[in-house]
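Reader: I am new to this structure and should be grateful for a close look at a single part of it. Please choose one strand, and follow its connections outwards from there.

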Amino acid sequence: MRVCLLSLSVVLAVMTANAQRPDDVRFETSDDKFSLSIAGFNIGLGNNDEHDLSEDTVTYRENDCPGGVHTGTCVTKEKQSLMHFDLLGPFSFGWGNWIGSDYYGNWAEQGDFLRTKNVFAFSMGFCNIDVSINRGRSVFWTFGTKWTVTSYRFMNHMLLADNADGVLMPLIDPERPTSMLRTSYIGFPMGLSYRNGPVRIMATISAEFLTNSWTRYAKKDDRNSISGVNTFRSTAELIVGWGGLGAFVNYGITPLFQKGVGNDAHLITAGFLICL
């Protein structure tokens with residue numbers, strides 16, 4: 001290959017030296033062909049199809065063409081990547097509320113003990129991959145992993161705990177402080193993502209698996225692992241972002257508690273993201 005390139009360079013140098021006028025060296029087009037004319041010799045350079053740029057062609061801004069000359073091969077749109085990979089992020093911070101919290105079964109006569117002071121959710125994404133699915137490289141399939149921790153701080157003086165029969169029940173005691181419930185899930189979101197400059201819009205559905213669930217009284221260190229929380233859940237999420245910041249809404253398709261426990265409430269969470 002080196003010998004071939006060296007030989008071609010010598011031939012071009014000789015033909016250029018024999019040219020007597022600037023017009024002797026010029027590009028010519030004929031139908032759909034490019035050719036280089038040097039001192040009467042024509043060298044074919046390929047097809048003249050400026051609208052069919054290769055996927056691997058490097059593109060430039062309009063005022064940033066090589067040599068400062070704007071030619072047909074210089075386009076105004078910057079090339080987008082076929083795939084994006086983020087090792088860490090985004091990080092989300094959200095606040096939630098119950099939807100459809102009707103009591104039944106063993107919980108029917110216990111009052112509205114699930115009322116919360118606040119529900120706070122933190123999640124961290126990692127190993128996220130976006131793969132382009134359109135020619136303009138603005139729409140992507142998105143896949144990733146997400147770890148979510150949610151804390152529920154209750155208003156009533158009660159503690160969720162398993163009774164002697166292993167049934168999750170509220171232990172209501174006005175003399176006791178309020179309590180909290182914490183759950184953590186590892187999830188695998190997938191969906192569609194749209195990118196256009198700093199704008200990012202993403203819609204995903206996530207399959208998530210419970211890694212831990214416990215309750216404790218406020219300002220106490222003793223934690224009680226509990227049953228009754230769904231070990232698998234699915235969520236749907238919509239994200240709108242600009243640059244590295246964004247806002248999201250997340251809806252728990254699966255209720256927090258297992259069917260038959262006594263409440264089928266769903267959680268909806270909204271908040272903001274960073275490192276999007």
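Author: The account below begins with one strand and its partners, then turns to charged pairs and to a few particular points of the backbone.

The model is predicted, so that local features are reported at pLDDT of at least 70 and side-chain atom pairs at pLDDT 80 or more, whereas totals for chains, interfaces and linings use all residues. Residues are numbered from 1 along each chain as its sequence is written, and side-chain values use heavy atoms, with hydrogens and water left out.

The strand chosen is β13, which covers residues 245–252. Strands here are DSSP runs of E with at least two residues, numbered from the N terminus. The side chains of β13 alternate along its length. On one face are G246, F248, N250 and G252, which are buried; on the other are L245, A247, V249 and Y251, which are not. Buried denotes a relative accessible area under 20%, exposed one over 50%, and partly exposed a value in between, for a 1.4 Å probe and protein chains only.

Strand β13 has a partner in β12, residues 232–242, and another in β14. Two strands are taken to pair if DSSP finds at least two bridges between them. Eight bridges join β12 to β13, and these two strands run antiparallel. W242 stands opposite L245 of β13. The hairpin of β12 and β13 has two residues between the strands, and there G243 adopts a positive phi near 65°. Towards β14, β13 is joined by six bridges, again in an antiparallel arrangement. In that pairing, F248 has G271 of β14 as its bridge partner.

Strand β12 also leads to the charged pairs. Side chains of opposite charge can pair when their charged atoms come close. A salt bridge is counted when a side-chain nitrogen of Lys or Arg is within 4 Å of a carboxyl oxygen of Asp or Glu, and a search of the whole structure finds six. One of them joins R233 to E208, with the closest N and O atoms 2.6 Å apart. Because R233 lies in strand β12 and E208 in strand β10, this pair ties together parts that are 25 residues apart in sequence. Both R233 and E208 are buried. E208 also forms a salt bridge with K146, where the closest N and O atoms are 3.9 Å apart. This pair links distant parts of the chain, with K146 in strand β6 and E208 in strand β10 (residues 199–217), 62 residues apart. K146, like E208, is buried.

A further salt bridge joins D264 to K259, with the closest N and O atoms 3.1 Å apart. D264 is buried, at a relative accessible area of 19%, whereas K259 is exposed, at 74%. Elsewhere, salt bridges that share partners join K146, E208, R233 and E237 into one network.

Some backbone positions complete the description. C275, in the segment after β14 (266–274), has a positive phi of about 60° although it is not a glycine. C275 is partly exposed, with a relative accessible area of 47%. R137, in the loop between β5 (116–132) and β6 (139–154), likewise has a positive phi, of about 55°, without being a glycine. R137 is buried, with a relative accessible area of 12%. Finally, the peptide bond joining G89 and P90 is cis, with omega about 0°, and P90 is placed in strand β4, residues 83–99.

Technical notes: Helix = DSSP H or I, 4+ residues; strand = E, 2+ residues; numbered from the N terminus.
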